[in-house]
Every structure is written in structure tokens, then in C-alpha cells.
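This report looks at the internal cavities of the structure shown below and at the residues that line them.

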Amino acid sequence: MATPTVHTLTKDDGAADLSGVTKMGVGVSWDTTGGGSGGLLGIARRARGTDLDAIAVLMSGSDPVRLAGLDSLDPLQNGAVVHSGDNQTGRGDGDDELIEVDFAKIPGHVTSIVFVCAAYKRGSDLKKAANVSVKVYDSSGGTTTQVADIWPSMLGSGNAIAVAKAVRAGSSWTLAVINQRGTVRQGDQDALLRFAIGR
């Protein structure tokens, strides 16, 4: 069987049609880094790792109504949007945090889902993470296949990246890359939700 082509999605690609995709995964991975520090300090920082958070904000129009991530792993309590749990170091192979979406289970009043990667918790820092990447999976047929990569920009300031947005399009959905950085007050969920509005 041929290996599926993995596309690298960018903002310039516009919205990708998800027709036929009933289940999608969005996985975030990052590597530990010394953050430019050498010697014992750099070793200590790499050993400790850094804590990023993958978060999905479910929107009804311009109103955020549910959040998957942090300590909310199944916010609709029906398996529609499920978060794998908090990885506080970035160590290990594969996705450090994964959000799985079952589009058929999402209520009709949810019109979009904004996927965010943030150094949300106090003391965390995007500058202490390297090789931040986002993978998109199609799990529609009972098996999970990676279909796309999204590479967040390393330029810009702030501790949060609005990575992509899934938007309801009739009976189907689309997925568009946002790749926009900004600042969220750490530990402030309202600030996180405001960041997702209008993306």
C-alpha cells in the first residue's frame, strides 16, 4: 500500500476541504531546549523540559462555549472533542498532546473550533521549546493517518499561537491555518478565550 502524501499547510493555502473526514486529530509536539543557555544551566533546562499546552476552543459564532485542554479533557462529555492530557515536559516521541475531533458528535450550534498552542501556565515559555510542530490526522476509516503538517512561525512575540481553525461548512467542515502569535496572561482562562475570538 502506498504511503499517503503529507502536505505542509500554510496560510497561503486557504481553507482545506474536510469533506469525507468524519474524525480528525490535531497533535502538538515540541522538543526540550536549554533556551540558548549553555553549561549546567542549559543541561538543567533540557532535563526539566518545558510545558506547552494544546487547546481547542469551541465557538458558537463569536462566542467561546467550550474548551478542550488544560484540565478539561472531554468538555462536551460525549467524545466529540477529546484531549489526551497534559504533557508538562515535551519529552518522548510522537505527539506530546493530541486533540481528537469526531465531527458527527459536535452539536449544531458549534460553528468553529480554534486550535491554540500556548505557554499558558505560569513559568512556561515558548522560547524554551524547540521544533514546535502540529500534525493533522484523518481517523475516519478506523485507522489514523497523518495527512498534514503545520509549522508555527518562530518569529514574533507572545506566549500563544493560534494555529488553525476548523469551520462548519454546511454538512462538512474546512480547516484553515491561522499561524498568528499573541500574548495571553498566563493562568488566565478568560484571556485565553479572548485570544481565540476573531481568529
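Strand 3 (23–32), strand 4 (53–60) and strand 8 (112–118) each contribute at least two residues to the lining of the largest cavity, with strand 8 giving the largest share, three residues. Strands here are DSSP runs of E of at least two residues, numbered from the N terminus. The model is predicted, so that local features need pLDDT of at least 70 and side-chain atom pairs count only at pLDDT 80 or more, whereas totals for chains, interfaces and linings use all residues. Residues are numbered from 1 along each chain as its sequence is written, and side-chain values use heavy atoms, with hydrogens and water left out.

Searching the whole structure yields two cavities of 30 Å³ or more. A cavity is a set of points, on a 1 Å grid over the protein atoms alone, where a 1.4 Å probe fits but cannot get out, and its lining residues have an atom within 4 Å of a point. Grid points are joined across faces, edges and corners, and the volume is the space filled by probe spheres set on the points.

| Cavity | Volume | Lining residues |
|---|---|---|
| Largest | about 40 Å³ | V26, V28, A54, I55, I99, F115, V116, C117, V134 and V163 |
| Second largest | about 30 Å³ | V26, F115, V134, V136, I150, V163, A164 and L175 |

For the second largest cavity, strand 9 (129–138) and strand 11 (160–169) each supply at least two lining residues. By class, the lining of the largest cavity has ten nonpolar, no polar and no charged residues, and that of the second largest has eight nonpolar, no polar and no charged; Ala, Val, Leu, Ile, Met, Phe, Trp, Tyr, Cys and Pro count as nonpolar, Asp, Glu, Lys and Arg as charged, and the others, Gly among them, as polar.

Terms used
1 Å grid on protein atoms, 1.4 Å probe; cavity = no way out; pocket = protein on both sides within 12 Å on 5 of 7 lines; lining within 4 Å. Helix = DSSP H or I, 4+ residues; strand = E, 2+ residues; numbered from the N terminus.
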